[in-house]
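Visitor: I've got some time to look through this one with you. Could you walk me through the side chains and strands?
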Amino acid sequence: MSSKVYSTGSRAKDHQPSGVECLPLPEANAEAIDFLSSLHEEELQMLFFSETLAMVSDTGEPQGELTIEVQRGKYQEKLGVLTSCLFVHAFSRGFLDKMLCGNSLLGYLSEKLELMEQHSQDFIKFLILPMERKTSLLKQDDQLAVTRSIKEGEEVKTGVTSFPWSSIKGFVSEAANLVLLRVMAWRRMVPSNARFLALDTEGKLCYLTYQDLGFQTIQVDHQQAEVFIVEQTVHSEEGIPMSCQYYLLSDGHLAKRIQVGSPRIKKKKERKKEKAKAHTLTRLARRGGAPWHSDLTVAVAAEHNCPTHRPKKKNNWRGPGREEGRRRAPMA
């Protein structure tokens, strides 16, 4: 097995050839930062649930499942201090052109959706050259450390990138995106002209935007339901923009997700009644440098009763811009 190590970002700037000028990092705008700052405890309480979607081809053939879970948790800081956090876990397994593929995501966020730690993995079992990619994001003092590992066949490439923490204000991780979409579903609005930050597929900082595509009535659980459609786009500076459309129910559940340009569609499989309980989850892995495996493990450290919240009306948000840009998309 061959192995290569490369380094980019702020840790690598001392190794750049003379004459190479570092481009300034992109910055989130005030609208994005204000939207993240507007989140509050009562609103987040509505977002703690798990859901499962079926992955189907554009011809309707089943190809796997996607499960997304958001819960309240505890994150172990340095010196063993436990801090309240949002715990996000998502995973999928399926087939693409009869080849096994899947991905998993484990993230810890503050109540303002700031990243504490995140681990993700995706793989495709190609017959000749299987591919596996792992990415870890970790807040280390005043830096965001990004470790990426790509395995193709027997060759492994590993890289480390660091970004100054002060430069990633308005950053939305994959885990934060899943929570943010539930917030937009509840509010039935997208922040106008907001420009967030994200990482592209190469691990480089770029812009992230959300667009309101209006409302549409589709069939969910054998009945008609109105969904709010949000298109998320990652604007990579070196590649083409990557867009995904989310069809969101008024209580935050995801009814359908479409990757623009992909033949696969994810639709809600079943909708179970959530138990009136919340779990406190604590990560077991050690901080920094600990090996991360695909069988991400968490422990239920505590369990307590809490009220289950459900919207009584479609319009839940009372902030500014509540009805801005509301329009209906063409019927499917």
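Guide: Sure, burial comes up a lot, so a definition to begin with: buried means under 20% relative accessible area, exposed over 50%, and partly exposed in between (1.4 Å probe, protein chains only). Tyr210, at 7% relative accessibility, therefore counts as buried.

Visitor: What kind of model is this, and how are the residues numbered?
Guide: This is a predicted model, where local features need pLDDT of at least 70 and side-chain atom pairs count only at pLDDT 80 or more, while totals for chains, interfaces and linings use all residues. Residues are numbered from 1 along each chain as its sequence is written, and side-chain values use heavy atoms, with hydrogens and water left out.

Visitor: OK, aromatics. How many pairs does the structure hold?
Guide: Four aromatic pairs. Rings of Phe, Tyr and Trp (its six-membered ring) pair if their centres lie within 6.5 Å; planes under 30 degrees apart count as stacked, over 60 as edge-to-face and the rest as tilted. With Tyr75 and Tyr108, the ring centres are 5.4 Å apart and the planes are at 50°, so that pair is tilted.

Visitor: Where do those two tyrosines sit in the chain?
Guide: Tyr75 is in strand S3 (residues 62–76) and Tyr108 in strand S5 (residues 99–109), so the pair links distant parts of the chain, 33 residues apart. Strands here are DSSP runs (E, at least two residues), numbered from the N terminus. Both Tyr75 and Tyr108 are buried, and ring pairs link them with Phe87 into a cluster.

Visitor: And Phe196 with Tyr210, what sort of pair is that?
Guide: Edge-to-face, because the planes are at 85°, with the centres 5.6 Å apart. Phe196 belongs to strand S10 (residues 196–199) and Tyr210 to strand S11 (residues 205–220), 14 residues apart. Phe196 is buried too, at 0% relative accessibility.

Visitor: Which arginines sit over rings?
Guide: Arg182 lies over the face of Phe49, 3.8 Å from the ring centre. The charged end of Arg195 sits over the ring of Tyr207, 4.7 Å from its centre. For Arg, the test is CZ within 6 Å of the ring centre and within 35 degrees of the ring normal.

Visitor: Switching topic: how many disulfides?
Guide: Zero in the whole structure, taking a disulfide as a pair of cysteine sulfur atoms within 2.5 Å. Cys206 is buried at 1% relative accessibility, and Cys244 is buried at 4%.

Visitor: Why call strand S6 largely enclosed?
Guide: Because nine of the 10 residues of S6 (residues 115–124) are buried. S6 runs antiparallel to S5, joined by nine bridges, and S6 also pairs with strand S7 (residues 131–140) in the antiparallel sense over eight bridges. Two strands pair if DSSP finds at least two bridges between them.

Visitor: What about the hairpins?
Guide: The hairpin of S5 and S6 has five residues between the strands, and Leu113 there takes a positive phi near 65°. Six residues make the hairpin connection from S6 to S7.

Visitor: Last one: is Glu231 buried or exposed?
Guide: Buried, with a relative accessible area of 15%; Glu231 lies in strand S12 (residues 223–235). Its side chain makes a polar contact of 3.0 Å with that of Gln245. A polar contact is a pair of N or O atoms within 3.5 Å; within protein, one must be able to donate a hydrogen and the other to accept it, and residues adjacent in sequence count only if both atoms are side-chain atoms.

Methods: Helices (H or I, at least four residues) and strands (E, at least two) are DSSP runs, numbered from the N terminus.
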